[in-house]
Amino acid sequence: MIGKLTGTVDAIGESVVILDVGGVGYEVQASARTLRNLQVGDRASLTIDTHVREDAIQLYGFSTELERTWFRTLQEVQGVGGKVALAILNALSPAELANAIMLGDWGALRQKKACGEKTAQLIVVKLKNKVPKLAIVASRKAGGQDGAETLPVAEPLVATQTEAMSALINLGYKPEQAAKAVA
């Protein structure tokens with residue numbers, strides 16, 4: 001599997017970059033966030049997630065390991081494939097995604113039209129317990145260790161915020177309303 005590519009940016013499309021690595025042009029699907037940081041002719045290094053199917057080999061590229069980790073984690077949810085996971089990462093940064101999931105705010109995913117209502121709800125339910133682990137990984141990388149760049153990291157909710165959210169939802173408020181009230 002291909003895990004990382006370093007080379008010269010040949011072309012940038014709407015959702016794809018052609019990365020020339022030793023004379024071979026790799027077509028890599030990437031989020032808008034990653035593509036914004038690239039310039040044609042510049043040297044770039046992308047963390048890659050490789051998908052091998054019967055009819056194609058698909059490469060997904062990310063500027064940070066955290067973004068790739070979220071991409072992989074999103075695909076653990078039934079009905080979320082590479083395209084949907086990439087659309088979600090186009091709509092929300094890893095920190096925004098973590099906050100939306102922790103607050104139970106599936107509407108944040110829906111408002112950005114990254115996925116459908118049922119998929120957004122399923123993502124929030126299935127990944128709620130995984131967000132703290134991802135936040136810990138992000139906070140370690142945010143410290144600049146191992147050459148990692150400083151990342152905006154979602155701060156984990158304290159117990160009182162979680163309890164307040166739960167109480168408001170139990171009183172009949174929608175998760176989005178409860179999240180706004182707690183914020």
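This report describes a predicted model of one protein chain, beginning with its overall make-up and ending with a single buried residue.

## Overall make-up

The chain contains nine helices and five strands, and when it is read along the sequence these elements follow the pattern β-β-β-α-β-β-α-α-α-α-α-α-α-α. Of the 183 residues of the chain, 40% count as buried. If one looks at contacts between residues at least 6 apart in sequence, 50% of them join residues at least 24 apart.

## The barrel of strands

The five strands form a closed barrel in the order E1-E2-E3-E5-E4, and the pairing within this barrel is mixed. From one strand to the next, the twist averages 55 degrees. As general background, the strands of a sheet pair through backbone hydrogen bonds, and they can do so in either a parallel or an antiparallel way.

Strand E1, which covers residues 4-12, has partners in both E2 and E4, and these can be taken in turn. With E2 the pairing is antiparallel and has four bridges, and a hairpin of three residues makes the connection from E1 to E2. With E4 the pairing is also antiparallel, here with five bridges. Thr-8 illustrates both pairings, since it stands opposite Asp-20 in E2 and has Arg-43 as its bridge partner in E4. Gly-7, for its part, stands opposite Ala-44 in E4.

Strand E2 (residues 16-21) also pairs with strand E3 (residues 24-30), in the antiparallel sense and over six bridges, and within this pair Ile-18 stands opposite Glu-27. Strands E4 and E5 likewise run antiparallel and are joined by six bridges, with His-51 standing opposite Gln-58 in E5. Four residues form the hairpin that leads from E4 to E5.

## Helices packed on the strands

Which strands does helix H3 lie across? Helix H3, made of residues 82-91, lies across E3, E4 and E5, and its direction is at about 15 degrees to that of E5.

## The nonpolar cores

In soluble globular proteins, nonpolar side chains tend to be buried together. In this model the largest nonpolar core has 27 residues, and the members that touch the most others are Trp-70, Leu-74, Ile-88, Leu-97, Leu-109 and Ile-123. Several elements contribute to this core, because at least two of its residues come from each of E5, H2, H3, helix H4 (94-102), helix H5 (106-111) and H6. Helix H3 gives the largest share, with five residues. A second core, separate from this one, has 12 residues, among them Val-28, Ala-30, Ile-48 and Leu-59.

Ile-88 offers a closer view of the larger core's surroundings. Once neighbours within four places in sequence are left aside, Ile-88 is in contact with Leu-74, Leu-97, Leu-109, Ala-114, Cys-115 and Ile-123.

## The two sides of helix H6

Helix H6 runs from residue 117 to residue 127, and its buried residues include Ala-120, Ile-123, Val-124 and Leu-127. These four lie on the same side of H6, because the arc that they cover around the axis is only 95 degrees. A general rule helps in reading such a pattern: an α-helix has 3.6 residues a turn, so residues three or four places apart point the same way. The face of H6 that is turned away from the buried side carries Lys-118, Val-125 and Lys-126, which are exposed.

## A buried threonine

Is Thr-34, a residue of helix H1 (residues 32-36), buried or exposed? Its relative accessibility is 1%, and because the cut-off for a buried residue is under 20%, Thr-34 counts as buried.

The surroundings of Thr-34 can also be described through its contacts. With neighbours within four places in sequence left aside, Thr-34 is in contact with Leu-46, Gly-61, Phe-62, Ser-63 and Glu-67. For Ser-63 there is a further detail, as its backbone nitrogen lies 3.5 Å from a polar atom of the side chain of Thr-34.

How values were computed. Residues numbered from 1 in each chain as written. Predicted model: local features only at pLDDT ≥ 70, side-chain atom pairs only at ≥ 80, totals over all residues. Heavy atoms only, no water. Pairing = 2+ DSSP bridges. Axes fitted to C-alpha atoms, helices over the stretch in contact; angles between N-to-C directions. Contact = heavy atoms within 4.5 Å. Buried < 20%, exposed > 50% of the residue type's maximum accessible area, 1.4 Å probe, protein only. Arc of directions from axis to C-beta. Core = buried A, V, L, I, M, F, W, Y, C linked by side-chain atoms within 4.5 Å. Polar contact = N/O pair within 3.5 Å; in protein donor to acceptor, adjacent residues only side chain to side chain.
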